[in-house]
Amino acid sequence: MPSSESFDGARSALWMQTAVAAPSTSPLSEAITADVTIIGAGFTGLNAALELVAQGLTVCVLEASWLGFGASGRSGGQVNVGLNLDPADLIAKFGEDAGVRLVKAVSSTPTTVFDRIKQLGLQCDPVQNGWVQSAATQSVLDWQLELARDFARYGCELQVLDRGQASAAIGSNKYLGGLFSPTAGTLQPLSYTRELARVAIERGVRLHTESAVTHLERADSWKVHTAQGVVSCEKVLVCTNGYTDSQAVPGLEKKVVPLRSVLAATEPLSADLRAQILPGEVSFVDKRRLILYMRYDRDGRLCCGDHGPMRDEFTNTDYDAMKKRVIEIFPMLRDTRWDYHWGGRIAFTKDSLPFLTEIEPGLVAAMGYNGRGVGMGTVLGVEAGRFVAGLDKDKLAFPVSSPKAFAMHRWHKPGVNMSIKWYALRDHLESVRT
Ligand SMILES: Cc1cc2nc3c(=O)[nH]c(=O)nc-3n(C[C@H](O)[C@H](O)[C@H](O)COP(=O)(O)OP(=O)(O)OC[C@H]3O[C@@H](n4cnc5c(N)ncnc54)[C@H](O)[C@@H]3O)c2cc1C
């Protein structure tokens, strides 16, 4: 546990200790030209960059901080089916053609990510052991049954687990059942980020860290300004997700609300404990209004995540409620040491869907993963690259939309705090009833 009162949620991440080396990068310090400038070097921006160079375009990626500073370097690293929404709702929203294309992309998200890791030769500890989502209440189990039925229509296998099967997969008999997604898995998120960057640089992308975009200017071309340099380009793609502020593209920040999630990792667990807790080394989500999520890392540390406080600096006590929840499920962890604590921002959107949007001609944004951005950030990054490269909208797996802004966005912190309390109360009442 960090000794200071409060600490940065990025540098303290377990991933900093076990990641592959980062490629060498430096700030932008001159005036350059490129076909496309990408703002933000996380999963979305880097996958878009790779797609754009593959289409023969010149690309500059500008990252405000270091590689992996955003959610991509802090993530839980679970690679799940891309969205937590029913296919029928997606088709109702986007229409039959675009909706079905999206459902198929969502269904195959984990396979897309793991195939991409192999094709690009990325060293990021991929594990494809599947994912279990538990159901603590009958209403969640009913919803899971319907979800599995609907996804099956599009070739996506989600198995419904009864009480005994869920208990065997999770190592706890607290649940009525659950869902199992066999293609899902985990990766080391900071390594994935650094490796995407390495390959992008090898393929000709100019990547500059410590290069926050201060403002954009539209003349004959776009001019993307940083403190010490400028990129002149035809198109700009904004991939800043939960770290979007009002600076680079004023107004865009109102389309996402940055919630916080905290993660902590135990000491490496003994073989005995590992045989009891998530014995197939599946990743796990305890499905409630306020979810709890878990996975092992390559050294057998159990990494557990929960909702966090609405600030970017964390304190030791921010993890107490999560640890209590973990120990309620796995009492055998009562005496286990917690070695790492970190957290970061998750971008929520008004309709709970990520978006690919054209703000004005040549200015595109892709973000808003609602906590599912490892898989979906990869898929949407590639799709955003295709869109920026000029591919017909009707051929994209992800629809181009006009996301709504949150009304009273500047009051989002008290609003989120109230919602969290309300959800926690409802979760508690339901758990008392079951
Ligand atoms: C604690 C935590 C746990 C998570 N766990 C999971 C999980 O298990 N599975 C899952 O699917 N998803 C998970 N997520 C979500 C997932 O990590 C994100 O959705 C994903 O990383 C988003 O990637 P991104 O590239 O869009 O954004 P980010 O990785 O956040 O990158 C955005 C980047 O933009 C940069 N930036 C911002 N403004 C500027 C500017 N003006 N100029 C230049 N650069 C700028 C930021 O510095 C940042 O690095 C988790 C997120 C968090 C925080």
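These notebook entries record what I looked up in a predicted model of a protein with a bound ligand.

**Entry 1. The ligand and its surroundings**

I began with the residues around the ligand. There are 35 of them, and T44, E63, S72, G76 and Q78 come nearest. I then sorted this shell by residue class and noted 15 nonpolar, 16 polar and 4 charged residues.

Next I looked up individual atom pairs between protein and ligand. For S75, I found a polar atom of the side chain at 3.4 Å from a ligand nitrogen. At G371 the partner is a polar backbone atom, which is 3.1 Å from a nitrogen atom of the ligand. G373 also uses its backbone: an N or O atom there lies 3.1 Å from an oxygen atom of the ligand.

I then asked how much of the ligand the protein buries. The ligand taken alone exposes 1,000 Å², and 97% of that is buried by the protein. I also listed the elements that give two or more residues to the shell, and these are α2 (43-54), β13 (257-268), β18 (338-348) and α11 (373-388). Which element gives the most to the shell? I recorded β18, with 3 residues.

**Entry 2. Salt bridges**

I counted the salt bridges next and entered 16 for the structure. I followed several of them in detail.

The first that I took up joins the side chains of E30 and R206, with 2.9 Å from N to O. E30 sits in the loop between α1 (15-18) and β2 (31-39), and R206 in strand β9 (residues 206-208), so this pair ties together parts that lie 176 residues apart in sequence. I noted E30 as partly exposed, its relative accessible area being 41%. R206 is also partly exposed, at 34% relative accessibility.

I then turned to R386 and E51, whose side chains meet in a salt bridge at 3.5 Å, N to O. R386 belongs to helix α11 and E51 to helix α2, so the pair links parts that are 335 residues apart in sequence. I had already listed both α2 and α11 among the elements giving two or more residues to the ligand shell. Are the two partners buried or exposed? I entered R386 as partly exposed, with 29% relative accessibility. E51 has a relative accessible area of 11% and therefore counts as buried, the limit being under 20%.

The next pair was D125 and R298, which form a side-chain salt bridge of 3.4 Å, N to O. D125 lies in the loop between α5 (109-120) and β5 (131-135), and R298 in the loop between β15 (292-296) and β16 (301-307), so parts 173 residues apart in sequence are tied together. D125 is partly exposed, with 26% relative accessibility.

I also found E267, R301, R337 and D339 joined into one network by salt bridges that share partners.

**Entry 3. T266 in strand β13**

I looked up T266 and placed it in strand β13. This residue counts as buried, with a relative accessibility of 0%. What does the side chain of T266 lie 2.9 Å from? I found the backbone nitrogen of L302 at that distance from a polar atom of the T266 side chain.

**Entry 4. Positive phi angles**

I returned to D125 for its backbone geometry. D125 is not a glycine, yet has a positive phi of about 50 degrees. The residue is found in the loop between α5 and β5.

L278 was the other residue that I entered under this heading. The phi of L278 is near 45 degrees, a positive value in a residue other than glycine. I located L278 in the loop between α9 (271-276) and β14 (283-287). As to cover, I noted L278 as buried, at 0% relative accessibility, whereas D125 is partly exposed at 26%.

**Entry 5. A nonpolar surface patch**

Last, I examined the surface. W422, Y423, L425 and L429 form a nonpolar patch there, and together they have about 390 Å² of accessible area. One of these residues, L429, I placed in helix α12 (residues 412-433). With 40% relative accessibility, L429 counts as partly exposed.

How values were computed:
Residues numbered from 1 in each chain as written. Predicted model: local features only at pLDDT ≥ 70, side-chain atom pairs only at ≥ 80, totals over all residues. Heavy atoms only, no water. Near = heavy atom within 4 Å. Polar contact = N/O pair within 3.5 Å; in protein donor to acceptor, adjacent residues only side chain to side chain. Areas by Shrake-Rupley, 256 points an atom, 1.4 Å probe, with all protein chains shown as cover. Helix = DSSP H or I, 4+ residues; strand = E, 2+ residues; numbered from the N terminus. Nonpolar A, V, L, I, M, F, W, Y, C, P; charged D, E, K, R; others polar. Patch = residues over 30% accessible without salt bridge, like charges linked within 9 Å, V, L, I, M, F, W, Y side chains within 5 Å. Salt bridge = Lys/Arg side-chain N within 4 Å of Asp/Glu carboxyl O. Buried < 20%, exposed > 50% of the residue type's maximum accessible area, 1.4 Å probe, protein only.
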